[in-house]
Structures are given as structure tokens and as C-alpha cells.
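Trainee: Could you take me through one part of this model up close? I'd like to see how a pair of helices packs together, and then have a quick look at a few spots elsewhere.

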Amino acid sequence: MKTAQDIRQAAGGRAPMRAGSSERPRSGDRLDHLLAADRVIRDLAVGPDDVTAVLDARGVIVSVSSNCAQLLGFQSEELVGTYAHALLHPDDLRSLEPASQAFSNGLTDHLHSVQRMHHKDEGYALVETTVRSTGASISNQPAGAIVVARAPEAAARPPERPMVSFAPAAIGTAYAWVIEGSGRAVVASADPVFASLLGSTTAGLVGRPLEELTDPEASAVGQARLEALIDGSSASYQVERQAHGTAASVELTVSLLPLPDKPGQTAVIQARDVTRQRVAEQAARESLSELQRSNRELEAFASVAAHDLAAPLRVVVGYAEMLAADDSQFSPQIAELLDKVASTSRRMQAQVDGLMALARVESEELTCDRYDIRTLVQEALTPLQDELERSAATVDVGAMPMAVANATGVVQVFGNLLSNALKYGGRRPSVTVEAIRASGAWQFTVADRGVGLPEGDEGQLFELFERGSGTNPIPGAGIGLAVCRRIVERHGGRIWCSRRAGGGTEFHFTLPDRTPDPGGCA
């Protein structure tokens, strides 16, 4: 029959506190530990048969519930002041050393294990324990701990809620004792979340080789992973496996942890439930595939619709212009209506042409090569010569680099930006085109000195059919800048605009500086 005196002696004389001794924990310190433990206890689902104990930073039992007599045969007052580790069987104490060291050094705030513990009348009893740190210092001393102990058969009954409440991410931790010189590791402890993620119990995991956890279907592979970890070939390894008897996917990450002030290592295994993540990833892939299919159908529809509308629109515009030109046959009111029909039809035709251009941008393969950008700017200016002469505009093109681009697309971008600069540049527009080296890219700027941007328009101009406020008298379809954005984005760049200091607008876009890729631009 074991007594509390026997337990203290088993601790090697390291627990001098005895009932009635002046060295017992002071009532103030004991109260502090109990108060600090209160918030942790609220996080534990303690059943009526569970024994709870509060330990101070040294591992001395400060308080233990009265039902410890049913589990270990000791009255609570017999254990207060005793080192908790003295209750463990010596062999189990040694096997739990790596996990205990990790807990003592703050590397984990919880431990879960099954071990033999002293029973007052029966020698040893098998007990399952969960140890949680109080997570707060008491009187400038290290944190204490809460212990919840129960008989393994009681733990086998499903609790009303998990024994320890963890974050929804469901991350569990286990520790495996690396047997020195053998290249093997044996599970020493596992918290309940870890065990439940693998479809097992703590009792079912403790004592098992590590490779049975990580690679249950190929233990030789698991052994090779561990050996690579031990000899330093890898810093950690990660595997994904199914939980036993379930469809849940569990990700296991294994790394080695040196034991402070002691030879040897322990393997730390973290388990994370990735079932929802895998389901979400699959749903995202399916959604992306469906979206891509839908986009292809939409692009095909837009292209066909624009093509089918273009021919009759040209007829309407032609007849309306012919009739409006011969205004001698009509009253002023009819002539005005015909002029409105012609202008509205031209605007609709511009929108149809813009939609066709956008459909081509989306559907055509974007092949790239290295070009002199000055040549592409000059090519974009060629169809604008009549407008340049009519408006007496000047375009100053600065030094341009060689850059990787799709020539047709970049000519279209410069063409749209230069056309806008002439359109909104006021009388005798003055336009500059410049290039500067940005981080890993070339940045191009087309600037005018015209009407400028009203407040708040910068972010809307690149949306389809959007036009800046105050531009109604100036013809436009609101598609050109949307086309520019899509071309630039397909190159892997970005486009934006800003108000120019001194009046006017600046449009900027970037092209990544890279080696030509025959497979595409981005």
C-alpha cells in the first residue's frame, strides 16, 4: 500500500512540503494559482468522474479534487504539496520525458498521454491525463498547469463535447521519442485532437512507431522520411493521409526538436484537418472550369452578335447620312431627326466595333517578341494623322526601350490612349509619350494638357461602357479603355490614370521586362 510519504520519497527528496510543514505552499500563492487556473478550467469539459488538479510552476500539486480517491485511492489532502511526476511509473516517466521537456520549455501548452500512476491500494493504475498550461505567470514565476485525469475506460465513452476546446482549424500535436542510434521514433504522447483526427485514441497511439502514423500503408517510406530527418537531409516533412475509417483528409507535419540541456531529440508531429480545404479547392477548380466555359460561350456570343449587328448598322448609318445630306426635301424637324438617327447609329456602330475588338482580345492567342516600342508608337500614330493635322496637335515621343510585347496589342493600347489624348486635349492638343524603368518592368505614360479628370473618375474609366463625367458632347463608346486594360493585363502588367500637375490627364501602363516566351506574354 502506497502512502503520500512513499510518493514524496519516490520523488527523490525533491518535494519537501508536507502536511503541517511551514514549507507548504502559502495560502496567498495557492489562491493566485487557483485564480489563474480558473480561466483554463472553463475551457475543459470536465465530467463527473474526472479528477482535476492544479500544479504550480515547479510541478507541485497545489489543489486536487476530492474524487481523486476513486481514481488513485488518495485523499486530496494527501497529495497537496507533492510533485506530480512522483506519481508516475518510472518507465513511463522516462518515455514522457521529451514531451514533458517541450511543455516545460513552453514549446506546447498542452499534453495528452496514457500512463501508469501510483494507486494507494493497488500498486499502479492506468490513467489518461490532459495537461494544460495556465498561460500566465504568477508573482513573476513561470506559469503553472491544470491536469485532468480519468480512467481510460471512461475516456472511451464519447463526451458531450470535446475534452479540450480548440480553434475550428482542428490542429493536434503529438510527440515521438527518438530512440538514440536506432533511427526509430515511438509515440510518447498525443493530445485528444490529434488522436481524433487520426480516428484513434491516445491510448491507441502511444507506443506506436512514428511511421505507422505518417505512412500506414508504406512503413518503409515513413522510415526513410524519418531517417532523412534524423541525418539532417531535410528539416521537416509533410504527408497527407486519410483518417482511419473516415473520408477525412489529415495533413501531418513532422520536425525534430532538440531537448534543452539533454542529449537526444524528439519528433513533433502536428496534425491538421484539411478536409474542408480539399473540398473547397475542388469546388474552386470546378467553379473556375465552369466560369472559363461560361466566359468562352459569352465571348463567342459577343463576337457573333457584334458581327451580325455590324452589317445592318452600316446600312442604317449610310441611308441616314444620305437622307440627312439632302435636307432640301425635308422640313427642318425631319432633317434634325435624321441627323439624330445618323449620330445614334454611328455611336452604336462604334460600340459594336469596340465589342468585336474586345472579343478578339479575349479569344486570340497573345504571342510575344522583343520590339522597339518607338516603332509601335509610330505605328499607332499613322491612322491618327488626319486628326493630328486637323487639330494642329503635337506629339512628343521620348526615348523608348526594347521590350517584350504582343505588337498588335501594344499598338492598340497606344492607339486608344493617343486618340483619347487628342480627343480630350483641348485646342491644339500637346501630347507626350514617355517611358521609365520601374521595378522589373517598363512603365509608359501618355499625357495630355486637356480638360483633365473630374474627382473620382480615375477608378471607373477602365470599366466597360464607362466614360468620364462631362464627356457627353465628345463622341465615344466607352469600350476603348476596357480593351486597353485587358490587353495590358494579359501581358502581366497594369494600367491606371491620374491628373497631371498643371492640368490634363496621364495614362500609365506597365509591361514586365522579361525574355520572350513563345507560349505567350504572361
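**A helix pair up close**

Mentor: Let's start with helix α16 (residues 407-423) and helix α17 (residues 480-490): their axes come within 9 Å and cross at roughly 145 degrees. Bear in mind that this is a predicted model. As for handedness, the crossing in which α16 passes α17 is left-handed.

Now look at who touches whom. On the α16 side you'll find G409, V410, Q412, V413, N416, L417 and N420, and they meet G480, L481, V483, C484, I487 and V488 of α17. Sort the residues of this contact by type and you get 8 nonpolar and 5 polar, with no charged ones.

Stay with α16 for a moment and check its length. With 17 residues at 1.5 Å a residue, α16 should span 24 Å, and its end C-alpha atoms are indeed 24 Å apart, so the two values agree. The helix is also mostly covered, with 12 of its 17 residues buried. Those buried residues are A407, G409, V410, V411, V413, F414, G415, L417, L418, N420, A421 and L422. Go back to the contact with α17 and you'll meet some of these names again, among them G409, V410, V413, L417 and N420.

Across the way, C484 is one of the α17 residues in that contact. C484 counts as buried because its relative accessibility is 0%, and the cut-off for buried is under 20%. Another cysteine to look at is C497: its relative accessibility is 7%, so C497 counts as buried too. As for disulfides, the count comes to 0.

From there, find T505, which lies in strand β17 (residues 505-512). Its relative accessibility is 6%, so T505 counts as buried. Who surrounds it? Setting aside neighbours within four places in sequence, T505 is in contact with V446, A447, D448, G452, L453, S498 and R500.

Last stop: G204, which has its place in helix α9 (residues 202-205). Here relative accessibility is 32%, so G204 counts as partly exposed, a class that runs between the 20% and 50% cut-offs. If you want a distance to check on screen, take G204 and A190: they sit 14 residues apart in sequence, and 9.9 Å separates them in space, C-alpha to C-alpha.

Terms used: Residues numbered from 1 in each chain as written. Predicted model: local features only at pLDDT ≥ 70, side-chain atom pairs only at ≥ 80, totals over all residues. Heavy atoms only, no water. Axes fitted to C-alpha atoms, helices over the stretch in contact; angles between N-to-C directions. Helix = DSSP H or I, 4+ residues; strand = E, 2+ residues; numbered from the N terminus. Left-handed = near helix turned anticlockwise from the far one by under 90°. Contact = heavy atoms within 4.5 Å. Nonpolar A, V, L, I, M, F, W, Y, C, P; charged D, E, K, R; others polar. Disulfide = S-S within 2.5 Å. Buried < 20%, exposed > 50% of the residue type's maximum accessible area, 1.4 Å probe, protein only. Expected span 1.5 Å × (residues − 1).
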